[in-house]
Amino acid sequence: MANIMEAHNLNLWYGEHQALKNINLDIQEHKITALIGPSGCGKSTFMKTLNRMNDLVDGCRIEGDVFLNGTDIYKDMDVNILRKRVGMVFQKANPFPMSIYDNIAYGPRLHGIHNKAALDEIVERSLKQAAIWDETKDRLKKNALGMSGGQQQRLCIARAIAVEPEVLLMDESTSALDPISTGKIEELCLELKKKYTIVMITHNMQQANRISDITAFFLLGELIEVGETQNIFLNPKNKKTEEYITGRFG
Amino acid sequence: MANRTEYDAELREINVLIHEMGKEVKRSIDRIIHAFPERDAKLASEVMERDDIIDKMETDIEERCINIVVKQAPLASDWRKIASYMRMIGDLERIADNSSDISIYIIKLSKLPEVEVPYEFHKMFLTMREMVGNTIESFFTGNIDLAKDVSAQDDIVDQGFDSVVKEITEKIKADPENTEQYINYLMVAKYIERMADHSENIASWVSFIVKGQLQMSYTDRYQKESQQFQFYE
């Protein structure tokens with residue numbers, strides 16, 4: 001399986017504090033990669049390096065390389081292009097205070113699509129791919145803030161895939177949802193990976209075990225272990241990984 | 001690590017209960033080893049009566065394992081332990097059942113005229129007993145070298161079984177009037193062979209707990225047993 005993204009010797013500092021230490025991690029195409037680890041271990045920081053969200057953080061300094069399909073995203077890629085190709089869904093659903101339709105059409109419009117028929121097609125396709133079309137098709141002009149939490153999160157996924165990214169980053173995207181909404185999003189991820197590549201952060205070990213193909217364990221800014229999810233959760237090689245996933249991490 | 005103290009205590013309790021179950025299974029093996037040469041129906045009956053105790057132990061451990069799966073969602077080495085425990089107690093229970101099965105034949109034989117017993121039984125019984133002892137010991141201590149020996153010991157029991165089959169076949173030809181006794185002895189030999197197989201299963205689960213890899217796939221085992229079967233065709 002080809003690598004769609006690669007991090008080579010990645011180091012990151014917030015001021016004096018080194019948050020990532022020499023990370024080398026490949027993201028395989030059409031796979032779900034789960035990043036796990038205790039709070040403050042560097043997994044969110046690493047995820048943000050994949051679409052340069054850390055550029056906005058004062059005092060942030062990065063060394064090393066991150067490649068997207070062979071192109072160095074820090075040296076040879078426009079950040080707007082990068083964020084179109086590497087979309088992100090956050091922990092808390094954050095729909096814009098506008099209609100469902102406009103939420104989805106926002107990204108495509110930014111990228112120059114203004115034709116009504118083309119936008120209609122994108123909105124319908126995105127909502128269908130995010131498994132929320134049936135619930136929204138009769139209320140597209142309604143304000144997105146009136147939707148339930150689970151619906152809002154799926155809307156945000158629909159919004160992220162409306163610009164047809166290659167990679168979708170999901171930072172604890174189900175942690176605030178009930179089990180039914182979580183189940184729908186997990187099902188959705190399994191469907192979406194046929195077309196996209198997904199990198200997800202989760203504190204839910206069962207979720208990582210259920211839906212990811214690859215799991216990477218971070219601790220204190222280091223990548224401790226990475227491997228096929230089944231192996232990581234059945235027979236981790238590193239004692240620290242074992243302690244973390246069995247809940248014995250002190 | 002201070003986390004998950006209750007969980008760890010539950011796992012330790014299950015471990016102790018399996019050890020207790022193993023000791024009870026060994027006692028039933030010791031009883032049939034004593035009852036067999038004497039055709040001691042009383043001791044054989046005791047083995048059958050005590051089988052219920054082992055069945056209850058299995059049910060109790062199984063319930064605890066299921067509860068831990070539901071409550072604690074075990075992963076990694078914890079999951080390997082629980083998954084293996086649930087398989088191991090099944091094998092231990094089957095060994096105890098086989099002890100009861102042998103007891104039935106000892107009681108039958110006690111009511112029939114005595115015939116000469118193939119000498120290989122002695123070696124089969126002792127090797128099988130040692131296998132069960134080694135697997136229980138390796139489970140409790142995590143010493144997988146003991147579990148490794150079990151596979152070689154199983155070959156000794158299999159060879160003993162082949163030898164008994166040949167000897168009994170000859171005896172039936174030479175002494176057809178006592179065919180019933182010989183068939184009963186043949187059944188005993190088959191049950192000893194099965195007990196050794198269950199013991200080998202337990203050894204492979206101990207290895208899985210410690211190393212995280214299954215020693216022999218079911219396909220391999222099926223092929224091995226098929227080859228044995230072809231030998232007798």
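Modeller: Before we look at the sheets of this predicted model, let us agree that two strands count as paired if DSSP finds at least two bridges between them.

Colleague: With that settled, which strands make up the open sheet of six strands in chain A, and in what order?

Modeller: In general, the strands of a sheet pair through backbone hydrogen bonds, and they do so either parallel or antiparallel. Here the order across the open sheet is β6-β7-β8-β3-β9-β10 of chain A, and the pairing is mixed. The edges are taken by β6 (86–89) and β10 (222–228) of chain A, each of which has a single partner strand, so one side of each is left without a neighbour in the sheet. If direction is ignored, neighbouring strands of this sheet are turned by 20 degrees against each other on average.

Colleague: How many bridges join β7 to β8 of chain A, and do these strands run parallel or antiparallel?

Modeller: Strand β7 (residues 167–171) and strand β8 (residues 197–201) of chain A run parallel and are joined by five bridges. To find your place in this pair, you can start at A:Leu169, whose bridge partner in β8(A) is A:Val199.

Colleague: Which strands of this sheet does helix α6 of chain A lie across?

Modeller: Helix α6 (residues 149–161) of chain A lies across β6 and β7 of chain A, and the angle at which α6 runs to β6(A) is about 170 degrees.

Colleague: What is the strand order in the open sheet of four strands, and which pairing does it have?

Modeller: That open sheet has the order β2-β1-β4-β5 in chain A, with antiparallel pairing. Its edges are β2 and β5 (71–72) of chain A, and since each has a single partner strand, one side of each is left without a neighbour in the sheet. Strand β1 (residues 3–14) of chain A pairs with strand β2 (residues 17–28) of chain A in the antiparallel sense over eight bridges, and β1(A) also pairs with strand β4 (residues 60–68) of chain A in the antiparallel sense, again over eight bridges.

Colleague: Which residue in β2(A) stands opposite A:Leu12?

Modeller: A:Leu12 stands opposite A:Leu20 in β2(A), while A:Leu10 stands opposite A:Ile23 and A:Trp13 has A:Gln18 as its bridge partner. Towards β4(A), A:Glu6 stands opposite A:Phe67. The hairpin of β1(A) and β2(A) has two residues between the strands, and A:Gly15 in this hairpin takes a positive phi near 65 degrees.

Colleague: Turning to the helices of chain B, at what angle do α3 and α6 of chain B pack?

Modeller: Two packed helices are described by the angle between their axes and the distance between the axes. For helix α3 (residues 76–110) and helix α6 (residues 179–211) of chain B, the angle is about 165 degrees and the axes are 9 Å apart. Angles over 145 degrees count as roughly antiparallel, and α3(B) and α6(B) are therefore roughly antiparallel to each other. The crossing of α3(B) past α6(B) is left-handed, and their contact has 14 nonpolar, seven polar and eight charged residues.

Colleague: How far apart are the axes of α1(B) and α3(B)?

Modeller: The axes of helix α1 (residues 5–38) of chain B and α3(B) lie 10 Å apart, at an angle of about 20 degrees, which makes α1(B) roughly parallel to α3(B). Here too the crossing, of α1(B) past α3(B), is left-handed. Among the residues that make the contact are B:Ile18 and B:Val25 of α1(B) and B:Leu92 and B:Ile102 of α3(B), and by class this contact divides into 17 nonpolar, four polar and two charged residues.

Colleague: How many residues of chain B are in contact with chain A?

Modeller: There are 12 residues of chain B in contact with 15 residues of chain A, and the side belonging to chain B has six nonpolar, three polar and three charged residues. For the complex, the predictor gives an ipTM of 0.76 and a pTM of 0.83. Where pLDDT is low, the predicted coordinates should not be read in detail. For chain B the mean pLDDT is 90, and 91% of its residues reach 70 or more.

Key:
Residues are numbered from 1 along each chain as its sequence is written. Chains are lettered from A and ligands numbered from 1 in the order in which they are written. This is a predicted model: local features need pLDDT of at least 70, side-chain atom pairs count only at pLDDT 80 or more; totals for chains, interfaces and linings use all residues. Two residues are in contact if their C-beta atoms, placed from the backbone, lie within 7 Å. Ala, Val, Leu, Ile, Met, Phe, Trp, Tyr, Cys and Pro count as nonpolar, Asp, Glu, Lys and Arg as charged, and the others, Gly among them, as polar. Axes are lines fitted to C-alpha atoms, for helices over the stretch in contact, and angles run from 0 to 180 degrees between N-to-C directions. pLDDT is the predictor's confidence in each residue, from 0 to 100. Angles under 35 degrees count as roughly parallel, over 145 as roughly antiparallel, 65 to 115 as roughly perpendicular and the rest as oblique. A crossing is left-handed if the near helix is turned anticlockwise from the far one by less than a right angle, and right-handed if clockwise.
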